[in-house]
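I opened my notebook to see how two chains meet in this model. Follow along with me, entry by entry.

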Amino acid sequence: MNINPNSEKPIFIQIAEQLEDSIFTGVFPEETKIPSTNEISALFNINPHTVLKGMNILVDEEIIYKKRGLGMFVKEGAVGKIRQKRQGQFYEQYIASMIEEASKLHMTKEEVIALVERGYDNE
Amino acid sequence: MSKIQIKNVTKRYGDVTALDHVSFSFKSGKIYGFLGRNGAGKSTLINIIANRIFPDEGAVFIDGLPARENMDVHEKIFCMSEADLYDTGMKVRDHFKWTGRFYDSFDVEKAFRIAEEFGLDTGKRFKALSKGYQSIFKLTIALALNVPYVIFDEPVLGLDANHREMFYSLLLKEFEENERTLIIATHLIEEVANIIEEVVLIDNGRVLLQESTEELLETGYCVSGFAKDVDAYCLGKNVIGTDELGSLKLAYICGEKTEIPQGSSLQITAMNLQKLFVKLTGKAVDGNAVAGNAVAEKGDMKL
């Protein structure tokens with residue numbers, strides 16, 4: 001995890017995104033405990049209220065849940081849920097900006113598609 | 001009623017008005033950043049809250065009780081001040097013992113524990129401590145005191161980077177374990193930017209703004225690009241400062257963001273708390289007098 005105080009993104013959103021990423025990549029597997037607000041707060045020197053606000057985003061998205069007295073746990077099916085969400089955002093986050101940049105560079109649709117194909121060939 | 005309420009406080013030193021009819025509150029359960037330039041009136045107000053000096057007008061109330069010469073608020077508030085008010089010939093461990101006599105809520109064991117964490121030699125006399133360790137000594141006492149309101153006036157003066165990080169971690173741990181109101185007055189703004197939940201900015205003896213850190217950071221931003229595009233974008237916005245780099249212009253704005261016109265050269269970037277502070281309070285040193293005064297006129301404006 002890495003929190004960038006100079007980013008345009010509010011800190012609580014960065015916390016939510018980083019935790020989500022760690023869950024998605026399996027650092028925190030499903031049905032295991034994630035670090036407490038206390039631990040995150042002390043490690044990055046961030047106000048615990050901000051950390052909690054970030055965690056609550058993931059609670060609302062049903063990616064983590066609170067076990068009373070034990071802390072926050074990753075929900076079963078969280079990884080699938082994150083994948084679905086990110087697939088939904090794929091067009092907005094990657095394709096739209098790629099097309100915008102390509103048109104700034106006066107690249108044609110065919111050229112862009114050829115590059116995408118080259119990318120797949122190199123994989 | 002759980003708050004420190006500052007009501008219409010004025011303090012004059014001869015011809016100088018250090019505080020000019022200041023009114024606001026520190027609410028319970030938050031970490032505040034109390035910011036202002038040198039001579040803005042921070043320490044004067046802290047000293048009034050801590051009952052060390054008295055206002056010429058107005059009053060301070062702590063949980064509804066007048067703060068002035070009132071033993072009932074003694075156990076409610078503690079102020080770690082920049083000035084050294086301790087008996088310099090007394091040993092650290094004796095200071096701990098005596099603080100315990102003056103405050104019921106002082107946790108002596110915790111003080112020794114924190115001292116050990118910082119590597120503070122409790123057998124040394126106050127005057128034998130280095131500047132950094134004198135600060136650490138004062139911090140230790142403040143951290144070990146379990147009162148609902150703690151004010152830290154320049155808490156990390158002379159501390160090295162490791163000790164500063166340690167202090168912030170300890171402070172947050174304390175806050176997490178036992179939620180109360182912590183007020184930090186500091187010039188090292190970026191270091192506390194993520195710790196403080198709300199900012200009170202004081203300038204020329206008046207409250208310039210009181211705002212949640214998050215909202216403040218969201219409303220403050222920088223737009224850059226060709227000067228004429230930037231000027232057009234800034235029309236009707238609250239510009240708090242500008243910089244120029246050849247034909248590139250940077251404007252610092254407080255307020256709502258509007259869409260950048262399509263295909264323009266403009267770029268919007270975030271402004272950090274320190275930059276925002278410098279631009280909002282910079283009128284005394286740079287040329288943005290008009291913008292600066294416009295902000296000051298509004299008093300405790302809502303951005």
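Entry one. I looked up helix α2 (residues 37–44) of chain A and helix α5 (residues 161–177) of chain B: their axes come within 8 Å and cross at roughly 155 degrees. That makes α2(A) roughly antiparallel to α5(B), a term for angles over 145 degrees. Axes here are lines fitted to C-alpha atoms, for helices over the stretch in contact, with angles from 0 to 180 degrees between N-to-C directions. Helices are DSSP runs of H or I with at least four residues, strands are E runs of at least two, and both are numbered from the N terminus.

A note on the source: this is a predicted model, where local features need pLDDT of at least 70 and side-chain atom pairs count only at pLDDT 80 or more, while totals for chains, interfaces and linings use all residues. Residues are numbered from 1 along each chain as its sequence is written, and chains are lettered from A and ligands numbered from 1 in the order in which they are written.

Entry two. Which residues make the contact? I found N38(A), S41(A) and A42(A) on α2(A), and S169(B), L172(B), K173(B) and E176(B) on α5(B); contact means C-beta atoms, placed from the backbone, within 7 Å.

Entry three. I then took the chains as wholes: 18 residues of chain B are in contact with 15 residues of chain A. On the chain B side, α5, α7 (213–219) and β14 (267–270) each give two or more residues. The largest share, seven residues, comes from α5(B).

Conventions
Angles under 35 degrees count as roughly parallel, over 145 as roughly antiparallel, 65 to 115 as roughly perpendicular and the rest as oblique. Two residues are in contact if their C-beta atoms, placed from the backbone, lie within 7 Å.
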